[in-house]
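Here are some exercises to work through with the coordinates open beside you. Try each task before you read its solution.

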Amino acid sequence: MRFSGDPPIETRRVRSKVNTKVVLEYDGTGFSGWQQQTGRRTVEAELKRALRELTGRDHTVYAAGRTDAGAHALGQVVNFDLQGRLPINRLTGALNARLPEDVSALSVEPVEAGFQARYSARWRRYRYRYLDRAARPAIGRGHCWHIGRQLDVALMAEAGRNLVGKHDWTSFCAASEPAASRVREMRSATVSRRGALVDVELVAEGFLRGLVRGIAGALAEVGLARRPPSWVAEVLAAKDRRLAPKTAPARGLTLMEVIY
């Protein structure tokens, strides 16, 4: 219970563990993905290092999604039990003073004890970006898949409509995913063009490892007129990874938003 004279929770000094939500933006080009790995540079390891420098304590952090090596995020959500005496309203600036230039904390807020970045999420939104002009990119080359021929966006959009709904995603996800948990609901799948940039945006309750990149590889086949739009539905129904095309490169992938 709060009394009228009490300071807002976000300005109080933290004297015990407080469940804390942080939204991160990062350029994944120089990282071996989100998840901490021995001897490799990862986003999780950089965040934990910054927290240790700030508080003198090790923190366990939970992310809404474990992005691949080379993939990016504009709205990655993490949570952890913040330990120490640092005021929460100073944590954004304090983190950014210690995080590397390719990671930024966009916001920090206290959340209820039951909040967990991964399991509390309702939907996640990913974008996969292609560049379909003839000339290779000089700027933004680490944020798109350069395809030297023009993609047919209308055909890709038609194929994408077959992805909406609850499906077994075996054909498009990594083989390492447990067979018993490959069913997810796709809320929307859209394709749009802005100049030479073509974006696929997918919103789903959860994304299996390699799923967005597997879908992006398949939609590129349709956009290049190598396969008809109906082929994507056939591959999806087959539940056979061997039928899908090569997975698209990670550099075109960005976690845009996590919806709670």
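The exercises below concern a predicted model, and each task is followed by its solution.

**Exercise 1. Aromatic pairs**

Task: Find how many aromatic pairs the whole structure holds, then classify the pair of F115 and Y260 from its ring geometry.

Solution:
- Step 1. Searching the whole structure gives 5 aromatic pairs.
- Step 2. Two quantities are needed, since a pair of aromatic rings is described by the distance of the centres and the angle of the planes.
- Step 3. For F115 and Y260 the centres are 5.0 Å apart and the planes stand at 55 degrees, so this pair is tilted. The cut-offs behind that step are under 30 degrees for stacked and over 60 for edge-to-face.
- Step 4. Now place the pair on the chain. F115 belongs to the loop between β4 (103-110) and β5 (123-131), while Y260 belongs to the segment after β10 (253-259). The two are 145 residues apart, and the pair links distant parts of the chain.
- Step 5. Finally, check accessibility. F115 is buried because its relative accessibility is 11%, and Y260 is partly exposed because its value is 29%.

**Exercise 2. A second pair and its cluster**

Task: Work out what kind of pair Y128 and W145 form, and which residues make up the cluster they belong to.

Solution:
- Step 1. The ring centres of Y128 and W145 are 6.4 Å apart with planes at 85 degrees, so the pair is edge-to-face.
- Step 2. Y128 is in strand β5 and W145 is in strand β6 (residues 145-146), 17 residues apart.
- Step 3. Both Y128 and W145 are buried.
- Step 4. Following the ring pairs gives a cluster of Y128, Y130 and W145.

**Exercise 3. Charges over rings**

Task: Identify which ring face R41 lies over and which one R187 lies over.

Solution:
- Step 1. R41 sits over the face of F31, 4.0 Å from the ring centre.
- Step 2. R187 sits over the face of W123, 4.9 Å from the ring centre.

**Exercise 4. The nonpolar core and α4**

Task: Name the residues that touch the most other members of the largest nonpolar core, and say how helix α4 takes part.

Solution:
- Step 1. As background, nonpolar side chains tend to be buried together in soluble globular proteins.
- Step 2. The largest nonpolar core has 73 residues, and L95, Y130 and F172 touch the most other members.
- Step 3. Helix α4 (residues 211-223) supplies the largest share of this core, with 8 residues.
- Step 4. Look at F172 from the helix side. Leaving aside neighbours within four places in sequence, its contacts include L211, G214, I215 and A218.
- Step 5. α4 is mostly covered, with 13 of its 13 residues buried. From first C-alpha to last the helix reaches 18 Å, close to the 18 Å expected at 1.5 Å a residue.

**Exercise 5. Positive phi**

Task: Examine the backbone of A225 and K239, and decide where each residue is found and how exposed each one is.

Solution:
- Step 1. Most residues other than glycine have a negative phi, and most peptide bonds are trans.
- Step 2. A225, just after α4, takes a positive phi of about 65 degrees, although A225 is not a glycine. K239 is not a glycine either, and has a positive phi of about 55 degrees.
- Step 3. A225 is found in the loop between α4 and α5 (230-238), and K239 in the loop between α5 and β10.
- Step 4. With 63% relative accessibility, A225 counts as exposed. K239 has a relative accessible area of 48%, so K239 is partly exposed.

**Exercise 6. Around β6**

Task: Decide whether L151 and H146 are buried or partly exposed, and list what surrounds them.

Solution:
- Step 1. L151 lies in the loop between β6 and α3 (153-161), and is buried because its relative accessibility is 4%.
- Step 2. Beyond four places in sequence, L151 touches Y130, D132, M156, R193, V198, A220, G223 and L224. For D132, 19 residues apart from L151 along the chain, the C-alpha separation is 6.4 Å.
- Step 3. H146 lies in strand β6 and counts as partly exposed because its relative accessibility is 26%.
- Step 4. Beyond four places in sequence, H146 touches L131, R133, A134, A135, R136 and P137.

**Exercise 7. Cysteines**

Task: Count the disulfides, then state whether C144 and C173 are buried or exposed.

Solution:
- Step 1. The structure holds 0 disulfides.
- Step 2. C144 is buried, with 5% relative accessible area, and C173 is buried, with 1%.

Key: Residues are numbered from 1 along each chain as its sequence is written. This is a predicted model: local features need pLDDT of at least 70, side-chain atom pairs count only at pLDDT 80 or more; totals for chains, interfaces and linings use all residues. Side-chain values use heavy atoms; hydrogens and water are left out. Rings of Phe, Tyr and Trp (its six-membered ring) pair if their centres lie within 6.5 Å; planes under 30 degrees apart count as stacked, over 60 as edge-to-face and the rest as tilted. Helices (H or I, at least four residues) and strands (E, at least two) are DSSP runs, numbered from the N terminus. Buried means under 20% relative accessible area, exposed over 50%, partly exposed in between (1.4 Å probe, protein chains only). A charge sits over a ring if NZ of Lys or CZ of Arg is within 6 Å of the ring centre and within 35 degrees of the ring normal. Contact means heavy atoms within 4.5 Å. A disulfide is a pair of cysteine sulfur atoms within 2.5 Å. A nonpolar core is a set of buried Ala, Val, Leu, Ile, Met, Phe, Trp, Tyr and Cys residues joined through side-chain atoms within 4.5 Å. The expected span of a helix is 1.5 Å times one less than its number of residues.
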